[in-house]
Amino acid sequence: MRISLIIVSRMRAQVGLIDSVGFALMRMPAALNAAYEASPLVARNAGAVAEIRRTLVGIQPNAYRGVERCPLAEAPDAYPGWAGQAEEISRQDQIDREAHRQLVVILGPDHQCEHYPCHLVSTLAEADALKLVVDCPADYEIVRLSTDDSDGGGERLGYDAGYWGGGNYSILCDSVLWPVWHPPPPEALPMLADRVASLNAHMLFPNRRFAVEFREYYRTQSWAETEGEDEEFRIIAVETIQARRIG
């Protein structure tokens with residue numbers, strides 16, 4: 001099981017961050033997929049990854065727009081397949097340094113989120129300010145994430161299932177898109193293919209019901225990640241949204 005750091009502190013004044021709505025800067029998927037395909041993990045497990053790709057024929061990892069996309073967070077996270085690699089750690093430490101600094105300021109010294117490192121901010125204005133200071137704004141998109149299906153006025157991309165508020169983890173992504181921590185064994189692939197047949201063009205579930213059904217199936221699998229607490233795998237609506245700059 002992946003170990004997450006749960007931060008216990010006072011609640012932030014902004015409503016929504018630890019409850020049901022927040023904003024994040026997510027990396028665009030094409031670069032993440034290219035990094036995964038070139039990663040040491042895939043090189044060590046080339047046959048297993050190839051079998052997943054052959055069986056899950058409709059899966060297009062470079063189109064994934066969910067929550068496991070190395071978001072701008074209070075601490076950088078390695079690209080998929082590169083965890084523990086010294087060169088990747090050094091590279092991540094050198095990019096977006098000012099944006100990381102400003103995010104920590106926004107979060108505050110006593111911030112709270114369910115999983116470390118935190119990546120959600122409370123307002124679109126905060127997310128937009130962070131995008132202005134990342135090294136390459138085109139590498140990111142601002143997304144509005146919610147667990148309550150509320151409408152933020154943007155484009156609803158679909159539904160993911162994973163950690164809320166931080167941790168950079170999706171049970172969907174880790175199963176079929178960029179398997180890293182809990183890859184499915186060969187005998188699980190035919191059933192898994194059926195469970196993800198409903199994914200849309202963004203490699204997300206088109207509605208909450210399909211996402212819930214996948215989560216319930218996933219919880220029964222011996223190879224899967226386990227929840228450290230009830231409902232740790234949250235159903236998360238993903239929405240792209242544009243900042244409303246003045247002037």
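Trainee: In this predicted model, what is the order of the strands in the open sheet?
Mentor: The model is predicted. Its open sheet has four strands, and their pairing is antiparallel. The order of the strands is 1-2-4-3.

Trainee: Which strands stand at the edges of the sheet, and why is one side of each left without a neighbour?
Mentor: An edge strand here has a single partner strand, so one of its sides has no neighbour in the sheet. That holds for residues 21-27 and for residues 155-162. These are strand 1 and strand 3.

Trainee: By how many degrees are neighbouring strands of this sheet turned against each other on average?
Mentor: Direction is ignored for this value. The average turn between neighbouring strands is 35 degrees.

Trainee: In strand 2, which residue is the bridge partner of Met26?
Mentor: Start with the pair of strands. Strand 1 and strand 2 (residues 140-146) run antiparallel, joined by seven bridges. Within strand 2, Met26 has as its bridge partner Glu141.

Trainee: Which helix packs on the sheet, touching strand 1 and strand 2?
Mentor: Its direction makes about 160 degrees with that of strand 2. Its buried residues include Leu124, Ala127 and Leu130. They pack against strand 1, strand 2 and helix 5 (97-107). The helix, residues 124-131, is helix 6.

Trainee: Across the sheet, which residue in strand 4 does Tyr159 stand opposite?
Mentor: Strand 3 is joined to strand 4 (residues 234-240) by seven bridges, and the two run antiparallel. Six of the eight residues of strand 3 are buried, so the rest of the structure largely encloses this strand. In strand 4, Tyr159 stands opposite Ala237.

Trainee: Which cysteines does a disulfide join?
Mentor: The count comes to one disulfide. Its S to S distance is 1.8 Å, inside the 2.5 Å cut-off. The angle about the S-S bond is -85 degrees, a left-handed link. Both cysteines are buried, and they are Cys113 and Cys118.

Trainee: Why is the sulfur of Cys136 without a bond to the closest cysteine sulfur?
Mentor: Cys136 is partly exposed, at 32% relative accessibility. The closest cysteine sulfur is in Cys70. That is too far for a bond, because the distance is 15 Å.

Trainee: How far is the sulfur of Cys173 from the closest cysteine sulfur?
Mentor: Cys173 is buried, with a relative accessible area of 0%. Its closest cysteine sulfur is in Cys70, too far for a bond. The distance is 9.0 Å.

Trainee: Within what arc do the buried residues of helix 1 fall?
Mentor: Helix 1 (residues 29-37) has Pro29, Leu32, Asn33, Ala35 and Tyr36 buried. Seen down the helix axis, these buried residues line one face, because they fall within an arc of 160 degrees.

Trainee: What do those buried residues of helix 1 pack against?
Mentor: One partner is a strand, and the others are helices. The helices are helix 2 (40-44), helix 3 (46-55) and helix 7 (171-177). The strand is strand 1.

Trainee: Which residues have the most contacts inside the largest nonpolar core?
Mentor: This core has 53 residues. Helix 7 gives the most to it, with five residues. The two with the most contacts inside the core are Leu145 and Phe214.

Trainee: How many residues are in the second, separate core?
Mentor: Look for Leu72 and Leu103, which are among its members. Tyr140 and Ile142 also belong to it. The second core has 16 residues.

Note on methods: Residues numbered from 1 in each chain as written. Predicted model: local features only at pLDDT ≥ 70, side-chain atom pairs only at ≥ 80, totals over all residues. Heavy atoms only, no water. Pairing = 2+ DSSP bridges. Axes fitted to C-alpha atoms, helices over the stretch in contact; angles between N-to-C directions. Contact = heavy atoms within 4.5 Å. Buried < 20%, exposed > 50% of the residue type's maximum accessible area, 1.4 Å probe, protein only. Arc of directions from axis to C-beta. Core = buried A, V, L, I, M, F, W, Y, C linked by side-chain atoms within 4.5 Å.
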